[in-house]
Amino acid sequence: MNVITGRVWKFGDNIDTDLIIPARYLNTSDPHELAKHVMEDADPEFPSKVRPGDIIVAGWNFGSGSSREHAPIALKAAGIAAVIAKSFARIFYRNSFNMGLPIFELLESDEINEGDLIKIDLDKGIIHDIDTGKEYKFAPIPDFMQNLIAAGGLINYAKEILKENNENV
């Protein structure tokens, strides 16, 4: 069973890629350096407060703006286990899966409170708020996309496929 459990950090609508990782830090593609500045323009203390396994819950249009892959890379490197939002910018959506960052669309995201502990069941398409007892349904992620997440992103997934193919030759 594929389950993600983590503590919630809340953000609002229209969190663009410049809020996720400010452009002034894009002189590097080192994930650990990017993680030091993730979400700091939305919450200056966030990089020091976030812990591995935490989950971001936001409103509409998360990840709008630039098509750069730095945004999901920074989130993942900071230890963010998943992002839940009412909607995502399409390029951010695809980049997230390509980088191995699970994201979930949930119209009721505003019902989840900062600090709540939530459990996301990828197979069943259920988000369970452990603190409130509420459950929310989302469209389960297709197997292929779950495979991308499990592999840690598209590059790792492709390497696994190539390795399997070479072993079968």
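This is a tour of one predicted model, with a suggestion at each stop of what to select in the viewer.

**Stop 1: residues 37-101**

Select residues 37-101. An unreviewed UniProt entry annotates this stretch as "domain: Aconitase A/isopropylmalate dehydratase small subunit swivel". Helix makes up 34% of the chain over residues 37-101, and strand makes up 11%. The C-alpha atoms at the two ends of the stretch are 18 Å apart.

**Stop 2: salt bridges**

How many salt bridges does the structure hold? The count is 9. Some of them are visited here.

Select R7 and D54 and show their side chains. These two residues form a salt bridge, and their closest N and O atoms are 2.9 Å apart. R7 belongs to strand β1 (residues 3-10), while D54 sits in the loop between α3 (46-49) and β2 (55-57), so the bridge ties together parts that are 47 residues apart in sequence. Is each partner buried or exposed? R7 is partly exposed, with a relative accessible area of 31%. D54 counts as buried, because its relative accessibility is 4% and the limit for buried is under 20%.

Next, select D43 and K49. Their salt bridge has its closest N and O atoms 3.0 Å apart. D43 is buried, at a relative accessible area of 17%, whereas K49 is partly exposed, at 27%.

Now select D110 and K86. Their side chains meet in a salt bridge of 3.6 Å, N to O. This pair links distant parts of the chain, 24 residues apart: D110 is in the loop between β4 (103-105) and β5 (117-121), and K86 is in the loop between β3 (82-85) and α5 (90-99). D110 is partly exposed, with a relative accessible area of 49%. K86 is buried, with a relative accessible area of 15%. To end this stop, select R24, E40 and D41, which are joined into one network by salt bridges that share partners.

**Stop 3: helix α4**

Select residues 70-77, which make up helix α4. Which residues of this helix are buried? They are H70, A71, P72, A74 and L75. Colour these residues and show what surrounds them: the buried residues of α4 pack against α1 (17-20), α2 (31-35), β2, β3 and α5.

Another residue of helix α4 to select is K76. K76 is partly exposed, with a relative accessible area of 32%. Leaving aside residues up to four places away in sequence, K76 touches M99, G100, L101 and G152. Add G152 to the selection and draw a distance between the two C-alpha atoms. K76 and G152 are 76 residues apart along the chain, and their C-alpha atoms are separated by 9.9 Å.

After α4 comes G79, whose phi is positive, near 100 degrees.

**Stop 4: S64**

Go back along the chain to S64, in the loop between β2 and α4. Is S64 buried or exposed? It is buried, with a relative accessible area of 14%. Residues up to four places away in sequence are again left out of the contacts; S64 touches I15, D16, T17 and A89.

**Stop 5: helices α5 and α6**

Select helix α5 and colour its buried residues, which are F92, N95, S96, F97, N98 and M99. The buried residues of α5 pack against α1, α4, β4, α6 and α7 (154-167).

Add helix α6 (residues 143-151) to the view. At what angle do α5 and α6 pack? The angle is about 55 degrees, and the axes are 7 Å apart. That makes α5 oblique to α6. To see the contact itself, select Y93, R94, F97 and N98 of α5 together with F144, M145, L148 and I149 of α6. By class, this contact of α5 with α6 has 6 nonpolar, 1 polar and 1 charged residues.

One general point helps in reading the lists of contact residues. An α-helix has 3.6 residues a turn, so residues three or four places apart point the same way.

The last residue to select is G100, which follows α5 and has a positive phi, near 85 degrees. G100 was also among the residues that K76 touches.

Key: Residues numbered from 1 in each chain as written. Predicted model: local features only at pLDDT ≥ 70, side-chain atom pairs only at ≥ 80, totals over all residues. Heavy atoms only, no water. UniProt positions renumbered as here; feature names shortened; annotations may be inferred. Helix = DSSP H or I, 4+ residues; strand = E, 2+ residues; numbered from the N terminus. Salt bridge = Lys/Arg side-chain N within 4 Å of Asp/Glu carboxyl O. Buried < 20%, exposed > 50% of the residue type's maximum accessible area, 1.4 Å probe, protein only. Axes fitted to C-alpha atoms, helices over the stretch in contact; angles between N-to-C directions. Parallel < 35°, antiparallel > 145°, perpendicular 65-115°, else oblique. Contact = heavy atoms within 4.5 Å. Nonpolar A, V, L, I, M, F, W, Y, C, P; charged D, E, K, R; others polar.
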